[in-house]
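Trainee: I've got a model open and want to learn how to read its helix packing and its sheet. Can you walk me through it?

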Amino acid sequence: MNGEPVLESAGQGAGHGGRLALSAGGLWTAERAGELERLIERVIARHPGVDGVDIDMARVERLDTFGAWLLERLMRGLSAAGGEPRITGLADRHRALVLRAREVNRAVPASPRRVMLAASLEVVGRTVVQVGHDIAAVVAMLGALAVAVGRAVVHPRSFRLTSLVHQVDRVGWRAVPIILLITFLIGAILAQQGLFHFRQFGADIYVVDMVGILVLREVGVLMVAVMVAGRSGSSYTAELGSMKMREEIDALRTMGFDPIDVLVLPRVLALVIALPCLAFLGSMAALYGGGLMCWAYGGMSPDVYITRMRDAISLGDFAIGLIKAPFMGLIIGVIAGVQGLSVAGSAESLGRKTTDSVVKSIFLVILVDGVLAMFFAAVGM
Amino acid sequence: MDTNADDDAVIRVRDLVVDFGGAPVLDRLCLDVRRGEILGFVGASGAGKSLLMRTIIGLVPKRAGMIEVDGVDLGAASASARRRVERRWGILFQQGALFSSLTARQNVQFPIREYLRVSKRLLDEIALAKLEMVGLSPDVCDKYPAQLSGGMTKRVALARALALDPDIVFLDEPTSGLDPIGAGEFDDLIRTLQQTLGLTVFMVTHDLDSLHTVCDRIAVLAEGRVITAGPIGTMLASEHPWVQSYFHGKRSRVDGARAA
């Protein structure tokens with residue numbers, strides 16, 4: 001019978017006092033659980049309200065937890081129908097398991113039922129509260145950083161210079177090649193698009209104005225900030241988050257160190273220092289890319305490009321870009337720190353916080369860029 | 001040292017050599033685990049106990065030797081034959097290794113869902129039954145691993161190891177990190193489950209109480225091989241200095257009780 005589980009009627013013998021006799025056999029094991037379950041449900045459905053049932057288990061070859069539980073489910077199903085079931089012929093090696101199965105699944109915990117509308121309203125409410133918490137956490141982090149800076153000024157020896165240098169190397173120096181490459185390409189693309197469209201009304205030369213102002217005031221610093229958020233903000237969050245998960249942060253605290261001093265401050269400062277440098281290099285690379293494109297695609301000689309650039313841009317344009325950069329570094333660092341320190345126990349939470357860190361810092365970088373643009377317009381820069 | 005030429009061995013390890021960082025940690029190691037026994041596996045920290053376990057279950061590659069589980073030579077077996085053997089064992093990792101993004105119930109359901117075709121209802125019932133069998137209350141089942149205590153984590157991990165009703169369970173220091181009462185309960189649990197389910201248990205442990213109370217046989221790993229194997233009596237009578245100091249040390253039951 002190749003192990004197929006069996007549960008068949010062995011006839012309604014008069015000798016059994018009108019009780020129904022079922023005979024079970026085969027493998028009552030995990031592999032056969034699917035078949036066995038269907039078999040049992042059929043038997044329960046076919047015998048509603050029999051007086052008594054005897055289940056002969058003698059021919060069962062193997063029985064494991066799955067089989068024992070399904071037998072128990074059969075018994076409960078038949079009892080519920082008033083069947084007073086009895087098990088006979090159970091092998092000794094199976095007895096303990098069948099007895100154990102009798103005790104389980106008695107109190108099934110009610111899974112909370114949810115109303116769709118209420119659930120979606122709940123999500124909205126929770127999100128609003130979460131935004132509030134996020135703002136509070138960022139403000140708290142800024143405050144903690146200010147205190148940490150204050151401490152470092154009062155006790156300069158407690159400041160972690162080595163760590164700062166290491167972090168500047170990581171987020172600044174090592175980011176230079178990729179930043180140069182991407183901003184170079186962005187500058188070239190801007191120039192190419194400008195040339196293509198401006199040429200239609202003979203305004204080729206204004207491409208230089210556009211590239212110069214756009215790159216120095218906005219695109220250079222924004223591109224660099226977005227890339228640093230993706231490259232370094234995410235790694236800071238993941239680092240701090242996994243340290244939080246492994247209780248390293250708690251260990252620091254118990255030794256009397258403030259994790260803000262030891263971990264967050266050097267990282268934030270490194271970003272504040274590195275971002276203006278990268279923004280400067282990025283802007284130069286973009287201008288170079290734009291010039292190369294004007295020469296190769298627009299037929300504009302480098303002399304013309306440089307002279308025109310000198311007239312088109314002012315020191316103000318250059319300054320605006322660089323003034324914004326440290327703020328963007330601060331935003332990326334603070335968000336990365338807040339998200340990293342709020343990681344809970346699970347790997348999933350680490351992933352979610354890392355995503356949050358990148359998304360939120362890019363959003364805030366763009367928002368702050370807009371606010372600063374309005375500010376600079378108001379002060380006439 | 002070939003006292004374990006057992007016919008009834010479920011796990012048969014012969015002349016196993018495993019390298020770790022260039023040097024052989026296990027050197028021509030032989031070991032038999034008999035069907036239906038609880039084998040306690042002891043050895044100094046870093047002697048390679050966990051390494052042997054990880055080699056048997058295929059997480060660490062071996063350099064030479066043979067590992068046979070249930071008559072299947074794992075080194076020579078096809079992928080599908082290996083998978084069939086893997087279906088027959090459950091592993092309890094030292095830290096539990098629960099999937100942190102799944103609830104306790106989902107952790108237990110995971111292997112069942114992957115390997116067996118069963119209805120949603122049976123899946124829920126079996127998972128709950130397993131969790132109850134390892135002594136957890138039903139309200140634990142919707143908690144995430146981060147919300148569980150150390151003892152509960154071990155129990156959920158044991159329930160997951162037992163999810164597919166394996167024949168063999170590997171336990172890596174099941175009682176480490178538990179208080180003596182919790183550890184005692186866990187020992188009883190392993191003994192009860194072993195008797196009810198007819199399991200073969202391979203247990204790496206440092207817990208002298210576990211060795212005394214639940215293990216049928218003990219194997220001692222030193223110098224890269226099994227230096228002695230047998231019931232606790234054999235261990236206590238052993239002449240080997242390491243075995244002597246392990247079982248007769250300050251913390252051992254025998255002499256500790258005498259000194260008190």
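Mentor: Sure, and keep in mind that this is a predicted model. Start with a helix pair: helix 11 and helix 12 of chain A are roughly antiparallel to each other.

Trainee: At roughly what angle do the axes of helix 11 and helix 12 of chain A cross?

Mentor: The idea is to compare the N-to-C directions, and an angle over 145 degrees counts as roughly antiparallel. Here helix 11 (residues 315–341) and helix 12 (residues 347–378) of chain A cross at roughly 150°, and their axes come within 9 Å. The crossing is right-handed.

Trainee: Which residues of helix 11 of chain A meet helix 12 of chain A?

Mentor: Among them are Ile320(A), Phe327(A), Ile331(A) and Ile335(A). From helix 12 of chain A, the contact includes Leu364(A), Val368(A), Leu372(A) and Phe376(A). By class, this contact has 12 nonpolar, 4 polar and 5 charged residues.

Trainee: Now the sheet. In what order do the strands of chain A lie?

Mentor: To read a sheet, follow who pairs with whom. In chain A, 4 strands make an open sheet in the order 1-2-3-4, with mixed pairing. Strand 1 (6–9) and strand 4 (85–88) of chain A each have a single partner strand, so they stand at the edges with one side lacking a neighbour in the sheet. From one strand to the next, the twist averages 25°.

Trainee: How many bridges join strand 2 to strand 3 of chain A?

Mentor: There are 8, linking strand 2 (residues 20–28) and strand 3 (residues 53–63) of chain A, and the two run parallel. To find your place, pick Leu22(A): its bridge partner in strand 3 of chain A is Ile55(A).

Technical notes: Residues numbered from 1 in each chain as written. Chains lettered and ligands numbered in written order. Predicted model: local features only at pLDDT ≥ 70, side-chain atom pairs only at ≥ 80, totals over all residues. Pairing = 2+ DSSP bridges. Axes fitted to C-alpha atoms, helices over the stretch in contact; angles between N-to-C directions. Parallel < 35°, antiparallel > 145°, perpendicular 65-115°, else oblique. Left-handed = near helix turned anticlockwise from the far one by under 90°. Contact = placed C-beta atoms within 7 Å. Nonpolar A, V, L, I, M, F, W, Y, C, P; charged D, E, K, R; others polar.
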